[in-house]
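User: I have a structure to go through and I am new to it. Can you put it up and take my questions as they come?

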Amino acid sequence: MDLYVVVLVEVLYGVASLILISAGLSIVFGMIKVINLAHGEFMMIGGYATITAVNLGMNVFVAMLVIAPAVVGLVGLVVERLVIRHLYGRLVDTMLATWGLSLFFIGLATMIFGNTTTGISTPIPGFAIGDYQVNGYNFFIIVVAALLLVAMLSVLKGTRAGLVARGTMQGPDMAAALGYSPDRIYMATFFCGSALSGLAGAILAPLVGLVPTSGGAYIAKAFITVIAGGPSLVAGLLSSASLFGVVHQAFTFATSPVIGEVALLVAAVVLLRILPQGVTGTFFKGKT
């Protein structure tokens, strides 16, 4: 029985990690159709912002939940104003620009922090379930991911701002005719997506050793999860993260973490071959 509980916790942790990693990208790609290849570097900046704030004496939870999202959100705001807003509707140009930004952020982080591994300890200790040891921080990640999904759904479906944002993505000319500025809405959307990327990097920072190239470990998983989820933001994110999280953790337990990563990629290829429109594009059309 103890083993089943441990496996369940680890599976939920795997799903929650994918949700956190992919949430910011789902906002940016799903709503304003920007392929942000610097998404992993935004997460890396969030991790460094957290570590720096903690080293300066800031409470670790304040650093993760407030400081890091604010810092990366502001970075995203500058990037959107200087680069991205000139490239809307030009997918290839956006990919090239954000790829260049990712290289710039890696070089800048290397200059500031060096190329050595740094990190912070997890603020929640582990505990035993029978004969097995469980990382208590995993529960924190599960709770944050669940609250994040609820918050995204509430904003998109239950607020005027969410309704205006969704309407602008579908018909910017109509939104402009009603007195809303599509330019400002795109800016706010990119800011929110960037802040969520910073939040993910901050929360995962205590679990990994951070180096300037850490973002590369997340970008493939994030894109796979977002694309496989389909056009619906929340439903797609939850469905694809659940599927890939279960596959990854199952193969990790049965074999090794490396095989788990390979199994996740194979599952993504098979899923997109069978369902080229993603999970929600096939089964949950019209869902947010």
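Analyst: One definition before we start: Ala, Val, Leu, Ile, Met, Phe, Trp, Tyr, Cys and Pro count as nonpolar, Asp, Glu, Lys and Arg as charged, and the others, Gly among them, as polar. Also keep in mind that this is a predicted model.

User: Ok. How many cavities of 30 Å³ or more does a search of the whole structure find?

Analyst: The search finds 1 cavity of that size. Its volume is about 40 Å³.

User: Which residues line the largest cavity?

Analyst: The lining of the largest cavity consists of Met43, Met44, Gly201, Leu204, Ala205, Val208, Leu210, Ser214, Gly215 and Tyr218. Helix H2 (39-55) and helix H8 (182-204) are the elements that give two or more residues to this lining.

User: And how does that lining divide into nonpolar, polar and charged?

Analyst: The lining has 7 nonpolar residues, 3 polar ones and no charged ones.

User: Moving to the outside. Which residues make the nonpolar surface patch?

Analyst: Phe104, Leu108, Met111, Ile112 and Phe113 make a nonpolar patch of about 530 Å² on the surface. Phe104 belongs to helix H4, residues 91-113.

User: Why does Phe104 count as partly exposed?

Analyst: Phe104 has a relative accessible area of 48%. Partly exposed covers what lies between under 20%, which is buried, and over 50%, which is exposed, so Phe104 falls in the partly exposed class.

User: New topic. What is the count of salt bridges?

Analyst: The count comes to 4 salt bridges. One of them pairs Glu80 with Arg81, with 2.7 Å between the closest N and O atoms.

User: Glu80 and Arg81, buried or partly exposed?

Analyst: Glu80 is buried, because its relative accessibility is 0%. Arg81 is partly exposed, at 25%.

User: What about Arg90, which side chain does it meet in a salt bridge?

Analyst: Arg90 meets the side chain of Asp93, at 2.8 Å from N to O. Arg90 is partly exposed at 41% relative accessibility, and Asp93 is partly exposed too, with a relative accessible area of 31%.

User: And Lys221, what does it meet in a salt bridge?

Analyst: Lys221 meets Glu261, and the N to O distance is 3.0 Å. This pair links distant parts of the chain, 40 residues apart: Lys221 sits in helix H9 (residues 216-229) and Glu261 in helix H11 (residues 257-274).

User: How do Lys221 and Glu261 come out, buried or partly exposed?

Analyst: Lys221 counts as buried because its relative accessibility is 17%, and buried means under 20%. Glu261 is partly exposed, with a relative accessible area of 32%.

User: Which residues do shared salt-bridge partners join into one network?

Analyst: Glu80, Arg81 and Asp183 are joined into one network by salt bridges that share partners.

User: Let's turn to the backbone. What is the phi of Lys33?

Analyst: Phi of Lys33 is near 55°, a positive value in a residue other than glycine. Most residues other than glycine have a negative phi. Lys33 lies in the loop between helix H1 (2-32) and H2, and is partly exposed at 48% relative accessibility.

User: Now distances. How far apart are Ser26 and Pro231, in sequence and in space?

Analyst: Ser26 and Pro231 are separated by 205 residues in sequence and by 9.3 Å in space, C-alpha to C-alpha. Ser26 is in helix H1, and is buried at 4% relative accessibility.

User: Same question for Ile84 and Asn36, how far apart are they?

Analyst: Ile84 and Asn36 are 48 residues apart in sequence, and their C-alpha atoms are 9.4 Å apart in space. Ile84 is in the loop between helix H3 (60-82) and H4, and is buried with a relative accessible area of 1%.

User: Last pair, then. How far apart are Thr282 and Ala53?

Analyst: Thr282 and Ala53 are 229 residues apart in sequence and 44 Å apart in space, from C-alpha to C-alpha. Thr282 lies in helix H12, residues 278-282, and counts as partly exposed, at 35% relative accessibility.

Key: Residues numbered from 1 in each chain as written. Predicted model: local features only at pLDDT ≥ 70, side-chain atom pairs only at ≥ 80, totals over all residues. Heavy atoms only, no water. Patch = residues over 30% accessible without salt bridge, like charges linked within 9 Å, V, L, I, M, F, W, Y side chains within 5 Å. Areas by Shrake-Rupley, 256 points an atom, 1.4 Å probe, with all protein chains shown as cover. Helix = DSSP H or I, 4+ residues; strand = E, 2+ residues; numbered from the N terminus. Buried < 20%, exposed > 50% of the residue type's maximum accessible area, 1.4 Å probe, protein only. 1 Å grid on protein atoms, 1.4 Å probe; cavity = no way out; pocket = protein on both sides within 12 Å on 5 of 7 lines; lining within 4 Å. Points joined across faces, edges and corners; volume = space filled by probe spheres on them.
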